[in-house]
Amino acid sequence: MGSEESGPLAYFLRTDDDRFMPTAHVGGAWNVTEQHVAPAIGLLVHAVEADHAARRTDLLQVARLSYDIWGVIPMEAVDIEVIVLRPGRTIELVEARLSHGGRPAIILRAWLTQAYDSSALAAANFPPLPSPEAMPAGDPSARWDGGFIASVQVRHEAEGQGRARCWVRSPFALLDGETVSPIARMMGLADIANGLAPLASPRDAVFPNLDLTAHIFRQPAGDWLGFDVSVSAGESGIGLTHSILHDAVGPFATVSQCLTVRPRPSA
């Protein structure tokens, strides 16, 4: 599936050095008047990498991305500020804050590390994922609203309640007129994991994620982002969506999202 053209074929437009305007393709799944956080999560990676490249020529690589989602974001301009918390020659800890109207909305802490030749030790001990061509096309818009969900193409193979294997890609650029890294582009899709294998219909329960943490052990490539998704929930309103991320080569990262699970009142 795809999206009807509506303005620029991108999720964000840069309007100033540190200010970005969402397009209609960022519309949220829980509320179409709010932003889906997925594109903003990718945009924060791009901001961290751009700041890093402006400061040094001996570039480090992204190893961990930990986001805390402080609140909803209206479909309005946002600002991003990047701060180096722990500088270093081989390791850096960087914080990026995405704010709306002076109020923090998403805070990212990213560990960057030096690249070494570890090819002799390379291994990915996760189950393989069938290719996108081996899975049937899915239609997340049948369950979810919003411009972001309408913008993506999905291949989906359900394996039971709370379990699915999927591939997702988008024809839209993360940032209009600018090249972003593969990891920024992939992370701009990663938050969709929480809606790929829900334990309940969003008509029956709400289960937004409070955070997203990605551990990356290989830099990805290609257009398709694969998900091996498992969703769990306890008895007191806390849930977890855990995903193994794949590209065409194989697994390259894991993503976890902490959920606040609230059944809707019966009619």
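**Exercise 1. Find out how exposed Arg163 is, then follow its salt bridge.**

Step 1. Start with the accessibility: Arg163 has 26% relative accessibility, so it counts as partly exposed. The scale runs like this: buried is under 20% relative accessible area, exposed is over 50%, and partly exposed is in between, with a 1.4 Å probe and protein chains only.

A quick note on the model before going on: it is predicted, so local features need pLDDT of at least 70 and side-chain atom pairs count only at pLDDT 80 or more, while totals for chains, interfaces and linings use all residues. Residues are numbered from 1 along each chain as its sequence is written, and side-chain values use heavy atoms, leaving out hydrogens and water.

Step 2. Now look for the partner. Arg163 and Asp228 meet through their side chains in a salt bridge, 2.8 Å from N to O. The rule for a salt bridge is a side-chain nitrogen of Lys or Arg within 4 Å of a carboxyl oxygen of Asp or Glu.

Step 3. Place both ends. Arg163 sits in strand β9 (residues 163-169) and Asp228 in strand β13 (residues 225-233), so this pair ties together parts 65 residues apart in sequence. Strands here are DSSP runs (E, at least two residues) and helices are runs of H or I with at least four, numbered from the N terminus.

Step 4. Check the other end: Asp228 has a relative accessible area of 8%, so it is buried.

**Exercise 2. Work out how Arg55 and Asp51 are connected.**

Step 1. Their side chains form a salt bridge at 2.8 Å, N to O.

Step 2. Both belong to helix α1, 4 residues apart, or about one turn of the helix.

Step 3. Compare accessibility with the cut-offs: Arg55, at 36%, is partly exposed, and Asp51, at 22%, is partly exposed too.

Step 4. Widen the view. Asp51 and Arg55 are part of a salt-bridge network that also takes in Arg56, Asp58 and Glu92. In total, the rule gives 13 salt bridges.

**Exercise 3. Describe the pair Arg97 and Glu95.**

Step 1. The two form a salt bridge, with the closest N and O atoms 3.0 Å apart.

Step 2. Arg97 is partly exposed, with a relative accessible area of 28%.

Step 3. Glu95, at 7% relative accessibility, counts as buried.
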